[in-house]
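Thanks, everyone, for making the time this morning. I would like to walk through one structure with you, and I will try to stay with what the coordinates themselves can tell us.

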Amino acid sequence: MKTDIEIAQGAEMKKILEIGKKVGLTEDELELYGNYKAKISEDAFERLKDKEDGKLILVTAVNPTPAGEGKTTVSIGLADALNINGNNTVLALREPSLGPVFGIKGGAAGGGYAQVVPMEDINLHFTGDMHAITSANNLMCALLDNHLHQGNLLNIDPSRIMVSRCLDINDRALRNIVVAHTGGKNNGVEREDHFCITVASEVMAILCLASDIFDLKKKLGNILVAYTFEGKPVYCRDIKADGAMTVLLKDAIKPNLVQTLENTPTIIHGGPFANIAHGCNSIRATKIALKLGNYVVTEAGFGSDLGAEKFLDIKCRIGNLKPSCIVLVATVRSMKYNGGVKKENLKEVNMDALKKGSNNLDAHIDNMKKYGVPVVVAINYFYSDTEEEINFIKNLCKKKKVEFEITKCFTEGGKGSLALANKVINACHQENNFKFMYDDNMSIYEKVDTIAKEIYGADGVDYTRKAKDSIDKFVELGAGKMPVCMAKTPYSLTDDKDILGRPKGFRIKVTSVSLSNGAGFVVLRLGDIMTMPGLSKNPASYNIDIDDKRKIKGLF
């Protein structure tokens, strides 16, 4: 079989104006970035604002493993299958981050014969959204340091700066730095600083949660940037950064239109990580997709304990969204891995490990059912899967009284997901009693406790003194009714990446807390979670190059 990039480079793409026309967008409502990419203008939002919404389908997964579960691939294959069936379907995905592209994970454009294209553009600079977010964030930090240097009229305490610079590359050397270290007074005020990856920045979260450019400016202005020596909060608007930041983001806030290999219209916009941010594409992208399509397929990052929980409790709450169906992706390999099988042995039949590890799927099914939305399990097929193994997963689903179907979209594209598409359509028209996991009026502690017990299966929550002090301080600032954004390892239901399956008898520990006041949520970090990843000994970038015909190679 060809590699992902070879398949993508051989795709027969349609001009983006034709893709836009397919879902009712006019030529004037598309701002072209070449022949195959475009931004959707504000005119389309205004024209379609009173149009009835389509059905929203959320794709999530079990806890991720080194074998890969193919959540994005399944999302793309499902959208293609729905279109094959004659349904007007739009796909809504997140933008890839350059960190994973050049690191270990690779891109986020699907795989095999279920991809979005142009794959190279989407995985690299695309339409410049990531760069704009990086620039806006770093402008805020530069203006903050300039305020300190130019007399510090706000009396800001340099040791209590709450924002950090960002970069969309994995660079561990920038995690902890000192700015203005040499050169005397002309270089500014010396202080400790940090970098996070762009997709973990609050500016990224704000772009994904803003309803329009004016809401964007308001949210940017609400960013808590620092405290004064007297302990009073200082916001982004106080250092006069919000206006210029909004100008830098005036194009980035517009969703991007591309297509799948099978020419299904696809909106890709925003890309916060689900383990350290809320992990969903933008509200604007989802809402315009719901106006354009009768069915909208979207996804949330990592497993359902992270991405789906945040999609349902943060994005749906802020954006007033209601999913019609949740698709839960699982694989035979992931269950064997959760049962103790090493990555290199996952192709071997091991029914004992499969049975042991299937409790992870069991937990995710239970968790998604608690939201009152119909659930369909998508069994993503791998060539090494046996009939006995597949039947075991099917029987588990039957026992859980949840719909299920095999998908072979990686090798067959949309036609490999036709049966899954039928199950999803049926689910979209079933009784739906969607509810949030917690109420706005619950305390921060009660919200965290609810997620820990109901989603992770923990016995309770412990806090460091620093974490408790931070929560109490943020509540004083008015954050008590905000949703909570849990930052933890994606590989386990616990805060320990090595504890797999469906563990019992554990507690989680909140080590630190920060306030994303502009985005509108409180971030609680569990264990040793980092906001700036590092590169491995042999990063993916070593294999990325350009050949003598000017074609990119090595992307995946």
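I will go through strands, then charged pairs, then aromatic rings, and finish at the surface.

Please keep in mind throughout that what you are looking at is a predicted model.

Let me begin with strand β3, residues 55–61, where 6 of the 7 residues are buried, so that this strand is largely enclosed by the rest of the structure. Strand β3 pairs in the parallel sense with β16, residues 295–299, over 5 bridges, and within that pairing L58 stands opposite T298. With β17, residues 325–330, strand β3 is likewise joined by 5 bridges and runs parallel, and here T60 has L328 as its bridge partner.

Elsewhere there is an open sheet of 3 strands, in the order β7-β12-β13, with antiparallel pairing. Because β7 (156–161) and β13 (233–235) each have a single partner strand, they stand at the edges, and one side of each is left without a neighbour in the sheet. From one strand to the next, the twist averages 45 degrees. If you want to find the β12 to β13 pairing on screen, β12 covers residues 224–228 and is joined to β13 by 3 bridges, with A226 facing V234 as its bridge partner.

Now to the charged side chains, where a search of the whole structure finds 32 salt bridges, and I will pick out a few of them.

In one of them, the side chains of R47 and E29 meet at 2.6 Å, N to O. Since R47 lies in helix α3 (residues 42–48) and E29 in the loop between α2 (16–22) and β1 (30–32), the pair ties together parts that are 18 residues apart in sequence. Which of the categories, buried or exposed or in between, does E29 fall into? With a relative accessible area of 5%, E29 is buried, whereas R47, at 44%, counts as partly exposed.

Another salt bridge joins K291 and D53, at 3.0 Å from N to O. K291 sits in helix α11 (residues 283–292) and D53 in the loop between α3 and β3, so this contact ties together parts that are 238 residues apart in sequence. K291 is buried, at 15% relative accessible area, while D53 is partly exposed at 42%.

For R165 and D145, the salt bridge is 2.9 Å, N to O, and it links strand β8 (residues 165–167), where R165 lies, to helix α7 (residues 129–149), where D145 lies. R165 counts as buried at 16% relative accessibility, and D145 counts as buried at 14%. There is also a network of salt bridges, which links E31, K250, D251 and K254.

Turning to the aromatic rings, the search of the whole structure finds 2 pairs. The rings of F434 and F436 have centres 5.4 Å apart and planes at 80 degrees, and because an angle over 60 degrees counts as edge-to-face, that is how this pair is classed. The pair of Y445 and Y463 is edge-to-face as well, at 5.1 Å centre to centre and 80 degrees between the planes. Y445 is in helix α19 (residues 444–456) and Y463 in strand β20 (residues 460–463), 18 residues apart.

Finally, at the surface, M1, Y113 and F410 make a nonpolar patch of about 300 Å². M1 belongs to the segment before α1 (4–9), and at 61% relative accessibility it counts as exposed.

Note on methods
Residues numbered from 1 in each chain as written. Predicted model: local features only at pLDDT ≥ 70, side-chain atom pairs only at ≥ 80, totals over all residues. Heavy atoms only, no water. Patch = residues over 30% accessible without salt bridge, like charges linked within 9 Å, V, L, I, M, F, W, Y side chains within 5 Å. Areas by Shrake-Rupley, 256 points an atom, 1.4 Å probe, with all protein chains shown as cover. Salt bridge = Lys/Arg side-chain N within 4 Å of Asp/Glu carboxyl O. Helix = DSSP H or I, 4+ residues; strand = E, 2+ residues; numbered from the N terminus. Buried < 20%, exposed > 50% of the residue type's maximum accessible area, 1.4 Å probe, protein only. Pairing = 2+ DSSP bridges. Axes fitted to C-alpha atoms, helices over the stretch in contact; angles between N-to-C directions. Phe/Tyr/Trp six-rings, centres within 6.5 Å; stacked < 30°, edge-to-face > 60°.
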